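Here is a short set of exercises to work through with the model open in your viewer. Try each task before you read its solution.

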Amino acid sequence: MRSHTAEPSFAPTGSSAPEPPPRKAGFARERAAPAGPRAALQRLADHVNTRALVLLRATVGIVFLGFGLLKLFPSASPAEQLAVDAATKMTLGLVPETVLLLSLAALETAIGIGLIAGGRLLRPTLVAFFLHMGGVFSTLLLLPDAMWQPHSPAPTMEGQYVVKNVVLVAVCLVVAADAWGSGSRSSRRPDRTDRTTSD
């Protein structure tokens, strides 16, 4: 009985193995290097995303700083009389109008500086901001004749000036959630490390 062993067969030296189909150079170039405008927009979006809270805080701070400084000059602010009338009703007319206007100017200027500066000033500034917004929105009830059109639920121009502050409130709610949330996370961090070390 003869035993046959299979020997490996080699391709002839003259022939070559089939090559895979060539890739399109254009497709590979698109994947490796995205289009210029699209890449620039992506970089801009990433840049804004990493600094979104600072951007929100600074823009609201600039608005408050500008409005506060305007109230330091007589008749420079279009909302001057409206603010004085509302503050006069809140204080039952016991505080002179000049003192009220200067107090509002100082408060809004301080809120603006605190929001721009951030740091340790941020939390007390946010408290002052929300208290101030409570007073601002109370004018919708304290001055109904100036805030609402007669026989209509639509706000007047002055009423729209007040209502648009909901945007500022929403922005500062986001800033406050981050400020107070980061504080609670940092206060819980030692417990977490102690728990891991005790285990």
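**Exercise 1. A buried acid**

Glutamate 80 is buried yet has no salt bridge: which side chain of opposite charge is nearest, and how far away is it?

*Solution.* Keep in mind that this is a predicted model. Step one is to place the residue: glutamate 80 belongs to helix H4, which covers residues 80-90. Step two is to look for a partner. The nearest side chain of opposite charge is that of lysine 71, and the separation is 8.1 Å. A salt bridge needs a nitrogen and a carboxyl oxygen within 4 Å, and glutamate 80 has no such bridge. Step three is to list what glutamate 80 does touch. Setting aside residues up to four places away in sequence, it touches Phe73, Pro74, Ser75 and Leu101.

**Exercise 2. The partner of lysine 71**

Find the residue whose side chain meets that of lysine 71 in a salt bridge.

*Solution.* The search ends at glutamate 108, with 3.1 Å from N to O. Now place the two ends: lysine 71 sits in the loop between helix H3 (52-70) and H4, while glutamate 108 is in helix H5, so the pair ties together parts that are 37 residues apart in sequence. Then check the burial, and you will see that lysine 71 and glutamate 108 are both buried. Finally, count the salt bridges in the model: the total comes to one.

The loop that holds lysine 71 also offers a second residue to inspect. Serine 77 lies between H3 and H4 as well. Its relative accessible area is 8%, so serine 77 counts as buried. Apart from neighbours within four places in sequence, serine 77 is in contact with Leu70 and Lys71.

**Exercise 3. How H4 packs**

Are helices H4 and H6 roughly parallel or roughly perpendicular to each other?

*Solution.* Two numbers are needed, because a pair of packed helices is described by the angle between the axes and the distance between them. Helix H6 spans residues 122-142, and its axis makes an angle of about 85° with that of H4, at a distance of 10 Å. Angles from 65 to 115 degrees count as roughly perpendicular, and H4 and H6 are therefore roughly perpendicular. H4 contributes Ala86, Lys89 and Met90 to the contact, and H6 contributes Gly135, Ser138, Thr139 and Leu142. By character, these contact residues comprise three nonpolar, three polar and one charged.

Next, widen the view to the buried side of H4. Its buried residues are Glu80, Leu82, Val84, Ala86 and Ala87, and they pack against H5, H6, H7 and H8.

**Exercise 4. The residue between H6 and H7**

Which residues does leucine 143 contact, leaving aside its neighbours within four places in sequence?

*Solution.* Start with the location: leucine 143 is in the loop between H6 and H7. Its relative accessible area is 12%, so leucine 143 is buried. With those neighbours left aside, its contacts are Leu82, Asp85, Ala86 and Lys89. For one further distance, go from the C-alpha of leucine 143 to that of glycine 159: the two residues are 16 apart in sequence and 9.4 Å apart in space.

**Exercise 5. Positive phi**

Examine leucine 92 and histidine 151: are they buried or exposed?

*Solution.* First, recall the background: most residues other than glycine have a negative phi. Leucine 92 has a positive phi, near 60°, and histidine 151 also has a positive phi near 60°. Next, locate them. Leucine 92 follows H4, in the loop that leads to helix H5 (97-117). Histidine 151 is in the loop between helix H7 (144-147) and helix H8 (157-163). Last, compare each with the cut-off for exposure, over 50% relative accessible area. Leucine 92, at 68%, counts as exposed, and histidine 151, at 87%, is exposed too.

**Exercise 6. The whole chain**

How many helices and how many strands does the protein chain have?

*Solution.* Count along the chain: there are nine helices and zero strands. Then turn to burial, where 25% of the 199 residues count as buried. To finish, take the contacts between residues at least 6 apart in sequence: 66% of them join residues at least 24 apart.

Technical notes
Residues numbered from 1 in each chain as written. Predicted model: local features only at pLDDT ≥ 70, side-chain atom pairs only at ≥ 80, totals over all residues. Heavy atoms only, no water. Axes fitted to C-alpha atoms, helices over the stretch in contact; angles between N-to-C directions. Helix = DSSP H or I, 4+ residues; strand = E, 2+ residues; numbered from the N terminus. Parallel < 35°, antiparallel > 145°, perpendicular 65-115°, else oblique. Contact = heavy atoms within 4.5 Å. Nonpolar A, V, L, I, M, F, W, Y, C, P; charged D, E, K, R; others polar. Buried < 20%, exposed > 50% of the residue type's maximum accessible area, 1.4 Å probe, protein only. Lys, Arg positive; Asp, Glu negative; His and termini not counted.
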